[in-house]
Amino acid sequence: MQALAIAAAGMTVAANRLNASAQRVASSDAHAETVEELKDVDYAKERVEQISAQYDFKANAKVIQTADQMTGALLNIKA
């Protein structure tokens, strides 16, 4: 079913976005020696990116759940 493949790919993209944002935040924290160096990363923007990626992941998971329910319903139809 094509919906499953598309949703799975969407979940992978969302997970990658979340990971990339977390890496940027962790990397800036680890290498910053002064408060001024922490300003290189926009923490508000990164948090918005993380929340957005989380919602994207959940939405794609819901598509998979719905596609699974639809497939189950089709299989339960009696001829």
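**Note on the salt bridges between helix 1 and helix 3**

1. Glutamate 49 has a relative accessibility of 24% and therefore counts as partly exposed, since that value lies between the 20% limit for buried residues and the 50% limit for exposed ones. The reader should bear in mind that the model is predicted.

2. Glutamate 49 is a partner in a salt bridge: its side chain meets that of arginine 17, with an N to O distance of 2.7 Å. This pair connects distant parts of the chain, as glutamate 49 belongs to helix 3 (residues 43–76) and arginine 17 to helix 1 (residues 2–31), with their positions 32 residues apart. Arginine 17 is likewise assigned to the partly exposed class, at 22% relative accessibility.

3. Aspartate 56 also forms a salt bridge with arginine 17, and the closest N and O atoms of this pair are 2.4 Å apart. Here too distant parts of the chain are linked, for aspartate 56 is in helix 3 and arginine 17 in helix 1, 39 residues apart. The relative accessibility of aspartate 56 is 31%, so this residue counts as partly exposed. Taken together, Arg17, Glu49 and Asp56 make up a network of salt bridges.

4. A further salt bridge is found between the side chains of glutamate 46 and arginine 24, at 2.8 Å from N to O. Glutamate 46 lies in helix 3 and arginine 24 in helix 1; the two are 22 residues apart, and the pair links distant parts of the chain. The partners fall into separate accessibility classes: glutamate 46 is buried, at 8%, whereas arginine 24 is partly exposed, with a relative accessible area of 39%.

5. How many salt bridges does a search of the whole structure find? The search returns 3. They are the pairs described above: glutamate 49 with arginine 17, aspartate 56 with arginine 17, and glutamate 46 with arginine 24.

6. Glutamine 50 is another residue of helix 3 that deserves attention. Is glutamine 50 buried or exposed? Its relative accessibility is 16%, so it counts as buried, the cut-off being under 20%. The side chain of glutamine 50 is joined to that of serine 21 by a polar contact of 3.2 Å.

7. Which residues does glutamine 50 touch, not counting residues up to four places away in sequence? With that exclusion, glutamine 50 touches Leu18, Ser21, Ala22 and Val25. Ser21 thus appears both in this set of contacts and as the partner in the polar contact with glutamine 50.

Methods:
Residues are numbered from 1 along each chain as its sequence is written. This is a predicted model: local features need pLDDT of at least 70, side-chain atom pairs count only at pLDDT 80 or more; totals for chains, interfaces and linings use all residues. Side-chain values use heavy atoms; hydrogens and water are left out. A salt bridge is a side-chain nitrogen of Lys or Arg within 4 Å of a carboxyl oxygen of Asp or Glu. Helices (H or I, at least four residues) and strands (E, at least two) are DSSP runs, numbered from the N terminus. Buried means under 20% relative accessible area, exposed over 50%, partly exposed in between (1.4 Å probe, protein chains only). A polar contact is a pair of N or O atoms within 3.5 Å; within protein, one must be able to donate a hydrogen and the other to accept it, and residues adjacent in sequence count only if both atoms are side-chain atoms. Contact means heavy atoms within 4.5 Å.
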